[in-house]
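This report is meant for a reader who is meeting the structure for the first time. It turns to pockets, then to a sheet, and closes with a cavity and one residue of a helix.

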Amino acid sequence: MPVKPSPKPTLPSRKLILWALQLGTQAQTLQGIAEIQMNRPHAKNSLGNVFVNELFRALESLRYDDKVRVVLFKSQVKGVFCAGADLKERAQMSDTEVGHFVHRLRSLMDEIAALPMPTIAAIEGYALGGGLELALACDLRVAASSAKMGLIETTRGLLPGAGGTQRLPRCIGIGLAKELIFTGRQIDGQQAFSMGLVNHAVPQNEQEDAAYQKALALAKEIVPRAPIAVKMGKLAINRGIEVDIASGMAIEGMCYAQNIPTRDRQEGMAAFKEKRPPHFIGE
């Protein structure tokens with residue numbers, strides 16, 4: 001008996017305003033894409049306590065939302081993605097408080113990395129220190145060619161503490177990562193692309209949102225794909241890259257097994273047989 005095509009999913013628009021929009025983030029979902037829009041202009045989106053709390057709340061609101069197929073991080077502040085840690089706030093902390101806060105920042109980046117759906121960072125301006133660590137926690141990165149990125153902590157008497165020493169070498173290789181961290185050097189979007197730090201580098205436009213437009217186009221390319229298969233693919237890659245290849249193959253097998261009984265897999269096979277586009281519903 002032929003499989004009846006699933007109805008094309010309707011992904012309604014919704015808008016979630018978090019606790020303090022003027023300080024932090026706005027999340028809105030349109031056609032399966034959720035945007036976390038960072039908006040702390042007076043501090044260049046630097047990662048202070050309140051802002052970090054806002055980001056945690058945004059992630060919690062999106063983690064189990066089946067309507068969300070891609071999460072996109074962008075800035076509403078012209079010329080900056082995220083300037084990193086709020087060093088003015090940090091200067092008021094005791095050593096113990098600094099340790100606790102950096103641990104919380106590390107947990108935030110881990111939460112971003114652990115989101116089950118794909119994540120994309122749209123980098124228009126400066127992404128420095130913790131700002132670049134936030135982008136590194138995302139699955140994909142798109143930068144304007146004029147964007148400036150760097151783990152600059154060693155120029156401030158620090159070292160990266162929110163995942164930079166671990167995610168950067170996994171992204172661009174150990175040698176280049178050491179060079180960038182040891183020197184605290186800033187690079188532009190085109191250099192970042194040549195290193196493999198970003199997936200795409202695009203010329204900036206008059207609206208100063210070229211990276212966002214490219215990231216949005218990429219998100220729209222992902223949205224029609226089978227969401228469970230995409231999530232399982234992400235899980236298999238993220239878990240598999242940390243182990244030997246034999247263990248990685250076992251992880252892939254377990255992820256594949258979870259996708260076998262889904263309605264979307266049946267829909268994909270039926271669409272192929274019937275020579276029509278598939279309509280995936282995430283079940």
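## Pockets, sheet and cavity

Lining the second largest pocket are 30 residues, and those that lie nearest its centre are A83, G84, A85, D86 and L87. The model in which this pocket is found is a predicted one. The elements that give two or more residues to the lining of the second largest pocket are α2 (87-90), α3, β7 and α4, and the space in this pocket comes to about 630 Å³.

The largest pocket, for its part, has a volume of about 860 Å³. It is lined by 24 residues, and of these D139, K234, I237, N238 and I241 are the closest to its centre. Two or more residues of the lining of the largest pocket come from each of α3 (95-114), α4, β8 (140-144), α5 (164-172) and α9 (227-240), and it is α9 that gives the most, with seven residues. Both domains take part in this lining, since at least three residues are drawn from each of domain 1 (33-223) and domain 2 (227-274).

The table sets out the make-up of the linings by residue class, together with the volumes.

| Space | Volume | Nonpolar residues | Polar residues | Charged residues |
|---|---|---|---|---|
| Largest pocket | about 860 Å³ | 15 nonpolar | one polar | eight charged |
| Second largest pocket | about 630 Å³ | 15 nonpolar | seven polar | eight charged |
| Largest cavity | about 30 Å³ | seven nonpolar | no polar | two charged |

Two of the elements named for the second largest pocket, β7 and α4, also belong to the account of the sheet. Four strands form an open sheet in the order β5-β7-β9-β10, and their pairing is mixed. Because β5 (80-82) and β10 (187-188) stand at the edges and each have a single partner strand, one side of each is left without a neighbour in the sheet. Helix α4 (residues 130-137) packs on the sheet, where it touches β5, β7 and β9, and its direction makes about 90° with that of β7. Within the sheet, strand β7 (residues 126-128) and strand β9 (residues 148-150) are paired in the parallel sense over three bridges, and the bridge partner that L128 has in β9 is G150.

Turning to enclosed space, the count comes to one cavity of 30 Å³ or more, and the volume of the largest cavity is about 30 Å³. Its lining is made up of R69, V70, P118, I222, V223, R225, A226, P227 and V230.

Which residues does K231 contact, leaving aside its neighbours within four places in sequence? K231, which is found in helix α9, is in contact with D66, P116 and M117 once those neighbours are set aside. K231 and P118 are 113 residues apart in sequence, while their C-alpha atoms are 7.4 Å apart in space. P118 is also one of the residues that line the largest cavity, and helix α9 is the element that gives seven residues to the lining of the largest pocket.

Terms used
Residues numbered from 1 in each chain as written. Predicted model: local features only at pLDDT ≥ 70, side-chain atom pairs only at ≥ 80, totals over all residues. Heavy atoms only, no water. Pairing = 2+ DSSP bridges. Contact = heavy atoms within 4.5 Å. Axes fitted to C-alpha atoms, helices over the stretch in contact; angles between N-to-C directions. 1 Å grid on protein atoms, 1.4 Å probe; cavity = no way out; pocket = protein on both sides within 12 Å on 5 of 7 lines; lining within 4 Å. Points joined across faces, edges and corners; volume = space filled by probe spheres on them. Nonpolar A, V, L, I, M, F, W, Y, C, P; charged D, E, K, R; others polar. Domains from an automatic or database assignment.
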